[in-house]
Amino acid sequence: MIRTPDRRFLLKAGGAFAGGATLSALLPGWARSATPGLTRPAALTGEDIKLTIGHAPIAIEGRRGHAIAINGTVPGPLIRLREGQKVRLAVENRLSEDTSIHWHGLIVPFHMDGVPGVSFPGIRAGETFVYEFPIVQYGTYWYHSHSGLQELMGHYAPMVIDPAGADPVAYDREHVVVLSDYSFTHPHTLFQRMKGQGGVFNLQKQTVGGLLAGRDQTLAERLEWAKMRMDPTDISDVTGAVYTYLVNGHGPADNWTGLFAPGERVRIRFVNAAAQTIFNVRIPGLKLTVVQADGQHVRPVTVDEFQIGNAETYDIIVQPAEDRAYTLVAEAVDRSGLARATLAPRPGMSAEVPPLRERPLATMKDMGMDMAAHGGSAGGDHAGHGDHAGHAAPAAAALPGTAPPRQRGSDVMGHSMEMLDYSKAPQVKTGPGVQMIAPMPQDRTGDPGQGLESVGHRVLTYRDLIALEPNPDTRAPERALEIRLTGNMERFMWGFDGFKWSEGPKPYAFRAGERVRVTLVNDTMMTHPIHLHGHFFDLVHGPVGHLPRKHTVNVLPGGKVTFDMTAEPGDWAFHCHMMFHMHAGMFQVFKVRPAEGAAG
Amino acid sequence: MKTLLLAAAFPLIGGAANAQPADPHAGHAGHEHHAPAAPAPADPHAGHGTPTGSAADLPIGSAAPPPTPADDLADRVWSSGMDRARTVLAQEHGGMRHLNGWLDRFEVRPGSGDDAYAWEARLRYGGDINRLVLKTEGEGEFGHGLEEAQVQALWSRAVTAYFDLQAGVRQDLEPRGRTYATVGFEGLAPYWWDVEGALFLSTKGDLSARFEVSHDLRLTNRLILEPSAELHLASQDDPRSGQGSGLTDAELGLRLRYEIRREFAPYVGVHYERKFGDTADYARAAGEDAEETRVVVGLKSWF
């Protein structure tokens with residue numbers, strides 16, 4: 001089945017070390033501020049594309065930082081291709097360490113997938129590696145390093161593939177918005193600090209001052225949570241205390257601006273290239289019509305805000321009618337900071353930047369302990385918090401995002417629940433890496449994401465996503481597989497089924513072509529954006545034949561996500577796209593081989 | 001440029017309603033949030049499979065999973081380099097080792113007589129499960145030199161989500177050089193109490209124990225009040241070192257620190273010590289007080 005390439009595409013490069021590093025003033029055209037939008041020549045196109053990985057100085061809000069960059073900029077160049085073409089991408093490594101590029105969301109032969117140690121040996125210092133594969137899809141994607149912590153230092157860039165036929169999405173202008181996070185502290189140091197102290201970057205913990213002022217949890221709630229050694233403010237591991245949140249490489253004060261003419265339909269292609277940040281995205285004053293998720297067309301759905309997990313992409317259409325500036329806000333999920341940009345008819349304009357909203361508090365539901373919501377519905381949960389408070393009203397009335405605010409003091413169980421009952425997940429390896437087994441995990445694909453339950457406007461949920469085109473495979477699954485997302489926030493250990501990849505767990509095995517129902521259960525208190533390489537998987541909700549197809553899915557804390565997948569031959573990385581979680585061990589491999597007895 | 005298609009196919013674009021097929025899953029109550037404004041379009045996929053069925057209701061087969069392949073496909077493609085890449089992959093996905101160090105206490109205790117000083121520090125190196133831990137603590141008075149100083153070298157192993165077992169040796173430098181074997185634990189107890197306990201068996205056969213507990217009470221996100229307690233116990237009476245058997249002495253502390261950064265926090269506080277039983281009698285016989293309260297000023301830091 002697997003063809004060995006005729007030759008090994010490794011060419012010795014000249015060995016010259018990165019010479020002329022460029023500053024962000026030379027950002028690619030699409031990423032420059034006050035850009036009129038995408039213009040075809042501004043992207044790398046064609047069948048032969050050259051990329052260079054090297055060190056580069058960058059400037060964010062006037063402050064100099066160090067980056068590992070593609071072609072000298074952060075983000076790197078936009079690659080724009082067309083469905084049906086072939087492409088050769090020569091990647092030259094000018095670093096003194098290995099590098100790699102993974103084409104996130106692209107369906108490629110597994111040995112072109114770009115994960116050192118799984119799909120290929122990596123690109124050694126000084127070498128040039130040539131990726132070569134056909135483009136078999138359309139959509140908004142991105143590409144990034146899968147080596148070390150390089151992605152966290154700037155090694156990422158967007159990719160747009162135009163459909164072979166007519167584009168079903170109508171638009172007059174398009175922008176690419178790459179969201180990311182950048183720390184002037186080296187990511188190795190951030191990681192070492194997190195190993196040294198749980199919650200080290202969280203400067204929004206609950207305080208005695210808050211208790212006396214009547215904020216946050218009540219004393220009874222705090223005691224219940226403290227007894228369990230769980231911190232409801234632990235929303236993000238790395239926060240605005242050390243991160244600057246970026247739009248196309250620009251900090252909030254840099255105010256990246258995308259231009260429009262009033263009345264135009266503007267398509268914005270969002271990519272969350274952040275290392276460790278989930279964003280809540282909105283443009284006050286504009287409705288956002290989501291037309292694509294993870295590169296796959298969906299039936300248009302109009303919302304006011306959406307949450308985008310690491311590595312997800314969303315295409316939206318906005319139609320700003322007024323001759324004024326609009327602020328694009330991408331708030332970090334823990335509300336410790338925001339990325340900000342402006343849509344404006346002319347350069348130099350700006351609109352009000354809304355203040356950060358109050359940071360969310362995790363609830364019993366985020367521990368998979370919400371008795372009230374359990375047994376009810378999955379989708380009805382967004383209003384379910386009220387149940388504790390005696391609002392017995394069915395949750396059915398509220399649109400996602402518009403649930404009544406949770407009543408203070410309502411998040412108590414009043415009785416103890418076994419938090420580490422391994423009999424609920426017998427496949428999980430016991431040990432210090434597992435802090436909790438969610439007692440009653442729920443399908444939370446109808447939830448808008450942490451902190452968005454009661455924001456007073458319509459928020460996107462996964463259940464809003466319906467594939468525009470018919471699904472290619474509508475068979476019933478031949479078997480089911482459950483994978484638990486496990487971790488220990490105090491030790492900053494993360495894994496699947498209790499294993500870190502370094503512990504040598506058995507990879508998950510599949511027969512080529514088999515249809516498998518996979519359920520991801522989140523046994524931790526944090527959202528994990530889980531990415532499967534080489535596949536689109538179909539989220540199991542809604543009608544057969546039009547399930548939304550994704551390459552990365554946020555699994556909310558205490559929640560579960562179920563998808564059907566058709567196994568593609570190859571060895572494929574499967575991991576959390578929180579890069580520090582992956583680095584800590586939350587990484588696995590799906591090994592897909594010809595079925596027993598099949599030729600090959 | 002491209003203006004036509006979607007508008008024609010989906011007149012709702014830009015409108016508030018989202019096209020939704022009829023919800024076959026209504027009993028699940030999972031879709032109640034969809035705006036009911038637009039009538040659901042017919043499923044264009046009708047006739048293929050179960051047009052009105054929900055994917056969640058598909059029957060799931062019971063096929064056995066295939067055996068786990070022992071080989072890596074990449075080895076069939078790439079003639080060399082995969083072994084090294086796999087080693088790096090494991091190291092970089094959970095296999096890292098880290099060095100962390102804590103200066104938990106580094107303080108001066110002004111007194112009516114000579115000012116005293118004390119320190120407590122740890123150094124930790126290793127992975128998530130097995131680590132080398134070095135600990136040192138001691139105290140003294142300016143002008144009188146060290147009163148107490150000890151170092152420990154421990155192998156520390158994570159055994160549960162919150163607790164490590166530790167075993168190794170302790171060497172006292174003051175009040176007299178003595179060596180101990182030690183076994184103990186360190187971890188986080190419910191209600192966020194940091195706890196630590198150890199047994200010590202000296203080369204002379206004396207058995208003693210120590211138990212410490214502390215808690216961070218966050219007044220604000222940077223101003224933190226840390227109550228702490230420490231108990232010492234001994235199995236033998238040892239008049240030469242002024243130590244009785246049983247509970248020998250206890251320390252209570254209350255320190256208020258300000259975390260300029262998480263890793264750097266000056267503090268002020270109160271330190272109270274009391275000797276008990278024979279230990280107290282020995283102290284009084286030597287003309288010392290059996291209890292003492294001192295103000296402390298110090299620095300807590302870590303990396």
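What share of the contacts in chain B with a separation of 6 or more comes from residues 24 or more positions apart? I looked this up before anything else, working from a predicted model. The share is 37%.

**Entry: chain B overall**

I noted four helices and 13 strands in chain B. The chain has 303 residues, and 24% of them count as buried.

**Entry: strands 10, 11 and 12 of chain B**

I went to strand 11 of chain B, which covers residues 246–258. Strand 11 pairs with strand 10 (residues 223–234) of chain B in the antiparallel sense, over twelve bridges. For a point of reference in this pairing I took B:Ala229, whose bridge partner in strand 11 is B:Leu252.

I then followed strand 11 of chain B to strand 12, residues 264–275. These two strands also run antiparallel, and nine bridges join them. The connection between strand 11 and strand 12 of chain B is a hairpin through five residues. Here I wrote down B:Arg257, whose bridge partner in strand 12 is B:Tyr267.

**Entry: B:Gly184**

I located B:Gly184 in strand 6 of chain B, a strand made of residues 178–189. Is B:Gly184 buried or exposed? It counts as buried, because it has 21 C-beta neighbours inside 10 Å and the cut-off for buried is 20 or more.

Leaving out residues up to four places away in sequence, I listed what B:Gly184 touches: B:Gln166, B:Glu196, B:Gly197, B:Ala198 and B:Leu199. I also checked B:Gly184 against B:Glu263. The two are 79 residues apart in sequence, and their C-alpha atoms are 26 Å apart in space.

**Entry: a sheet in chain A**

I turned to an open sheet of five strands in chain A, in the order 24-32-31-26-29 with mixed pairing. Its edge strands are strand 24 (508–511) and strand 29 (552–555), each of which pairs on one side only. From one strand to the next the twist averages 20°.

At one edge I looked at how strand 24 of chain A meets strand 32, residues 587–593. They pair in the parallel sense over four bridges. A:Tyr508 has A:Phe590 of strand 32 as its bridge partner.

**Entry: the largest nonpolar core**

Which residues touch the most other members of the largest nonpolar core? I found A:Leu179, A:Val290 and A:Ala330, in a core of 182 residues. As background, nonpolar side chains tend to be buried together in soluble globular proteins.

I took A:Val290 further and set aside its neighbours within four places in sequence. Its contacts are then A:Val298, A:Pro300, A:Val301, A:Val303, A:Phe306, A:Tyr314, A:Ile316 and A:Leu460.

Terms used: Residues numbered from 1 in each chain as written. Chains lettered and ligands numbered in written order. Predicted model: local features only at pLDDT ≥ 70, side-chain atom pairs only at ≥ 80, totals over all residues. Pairing = 2+ DSSP bridges. Axes fitted to C-alpha atoms, helices over the stretch in contact; angles between N-to-C directions. Buried ≥ 20, exposed ≤ 12 C-beta atoms within 10 Å, placed from the backbone. Contact = placed C-beta atoms within 7 Å. Core = buried A, V, L, I, M, F, W, Y, C linked by C-beta atoms within 7 Å.
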